[in-house]
Amino acid sequence: MHNNGATPPEEGEGGTVGGIGVDHAFLALERELAVFLRRARASSGELAREVHPDLESAAYGLLMRLEDAGEQRATDLAAYIGVGKATMSRQLRALEGLGLVTRAPDPADGRAFLVQLTDEGRARFRRVRGARRARYARRLAAWERSEVAELARLLHRLNSSQEADEPGQTARVERDQ
């Protein structure tokens, strides 16, 4: 059966692409994830600018992590997000400069600092996150609640399996984000 890309192929359907055996289900997954990621990157930039006009798009996920998990060491944030310490330091300096986060000495280790959202950062982030969730709810209004829950479960499973495949990554995906 030939798939012209208009609709996802049937599960288990096989074939060849360039002489290589291909499972069309994985091709469809790759295609849909590519579209999803492209849109997510664009959306991330828009969300960041809604929080603060000078906020870079990569920082939105950092704010989300701080809101969801509370204060964190910069090294833990870097591991969770999957960036190096230097990149994390640069991002945190920018966030501090915008008044969205603050750093305080870690009482458990005087050499380390804990990063947390400021009241202003939390208020701005929550406003934008609430608007984003409302957009999701509108887009998925025709879906059954169980379908939304299943999508979340499957994405969590995908994220968890990806973490297991990435040596050196200590990032954890929280189930209730």
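## Close-up views of a predicted model

**View 1. Leu 63 and its neighbours.** Leu 63 touches seven residues named here: Val 51, Leu 55, Leu 95, Leu 100, Val 101, Leu 117 and Phe 125, leaving aside residues up to four places away in sequence. The model is predicted. Leu 63 is also one of the residues with the most contacts inside the largest nonpolar core. Leu 55, Tyr 60 and Leu 95 share that standing.

**View 2. The largest nonpolar core.** This core has 21 residues. Which elements each supply at least two of its residues? They are helix H1 (24-51), H2, helix H3 (74-81), helix H4 (85-97), S5 and helix H5 (119-139). H2 gives the most, with six residues. A general trend fits the picture: in soluble globular proteins, nonpolar side chains tend to be buried together.

**View 3. The whole chain, for orientation.** The protein has six helices and five strands. Read from the N terminus on, its elements run β-β-α-α-β-α-α-β-β-α-α. The protein has 177 residues, and 26% of them count as buried. Now take contacts between residues at least 6 apart in sequence. Of these, 48% join residues at least 24 apart.

**View 4. A sheet of three strands.** The sheet is open, and its order is S3-S5-S4. Pairing is antiparallel. Strand S3 (72-73) and strand S4 (101-106) stand at the edges. Each has a single partner strand, so one side of each is left without a neighbour in the sheet. Helix H2 (residues 59-69) packs on the sheet and touches S3, S4 and S5. The direction of H2 makes about 100° with that of S5.

**View 5. Where S3 meets S5.** How many bridges join S3 to strand S5 (residues 109-117)? There are two, and the strands run antiparallel. Look for Gln 72 first: its bridge partner in S5 is Val 115. Then find Arg 73, which stands opposite Leu 114 in S5.

**View 6. Where S4 meets S5.** Six bridges join S4 to S5. These two strands also run antiparallel. A hairpin links S4 to S5 through two residues. Two pairs can be picked out across the strands. Thr 102 stands opposite Gln 116 in S5. Ala 104 stands opposite Leu 114 in S5. Leu 114 appeared in the previous view too, opposite Arg 73.

**View 7. Gln 116 in its strand.** Gln 116 is found in strand S5. Is Gln 116 buried, exposed or partly exposed? Its relative accessibility is 31%, so Gln 116 counts as partly exposed. Gln 116 touches Leu 66, Glu 71, Leu 100, Val 101 and Thr 102, not counting residues up to four places away in sequence. Val 101 lies 15 residues from Gln 116 along the chain. Even so, the C-alpha atoms of Gln 116 and Val 101 are separated by 5.5 Å.

**View 8. H2 crossing H5.** The axes of H2 and H5 come within 11 Å. They cross at roughly 105°. H2 and H5 are therefore roughly perpendicular to each other. On the H2 side, the contact holds Tyr 60, Leu 63, Met 64, Glu 67 and Asp 68. On the H5 side are Arg 122, Phe 125, Arg 126, Val 128, Arg 129 and Arg 132. Sorted by class, the contact has five nonpolar, no polar and six charged residues. Leu 63 and Phe 125, met in the first view, touch each other.

**View 9. The buried residues of H3.** Which residues of H3 are buried? They are Leu 77, Ala 78, Ala 79 and Tyr 80. What do the buried residues of H3 pack against? Their partners are H2, S3, H4 and S5. After H3 comes Gly 82. The phi of Gly 82 is positive, near 90°.

Methods: Residues are numbered from 1 along each chain as its sequence is written. This is a predicted model: local features need pLDDT of at least 70, side-chain atom pairs count only at pLDDT 80 or more; totals for chains, interfaces and linings use all residues. Side-chain values use heavy atoms; hydrogens and water are left out. Two strands pair if DSSP finds at least two bridges between them. Helices (H or I, at least four residues) and strands (E, at least two) are DSSP runs, numbered from the N terminus. Contact means heavy atoms within 4.5 Å. Axes are lines fitted to C-alpha atoms, for helices over the stretch in contact, and angles run from 0 to 180 degrees between N-to-C directions. A nonpolar core is a set of buried Ala, Val, Leu, Ile, Met, Phe, Trp, Tyr and Cys residues joined through side-chain atoms within 4.5 Å. Buried means under 20% relative accessible area, exposed over 50%, partly exposed in between (1.4 Å probe, protein chains only). Angles under 35 degrees count as roughly parallel, over 145 as roughly antiparallel, 65 to 115 as roughly perpendicular and the rest as oblique. Ala, Val, Leu, Ile, Met, Phe, Trp, Tyr, Cys and Pro count as nonpolar, Asp, Glu, Lys and Arg as charged, and the others, Gly among them, as polar.
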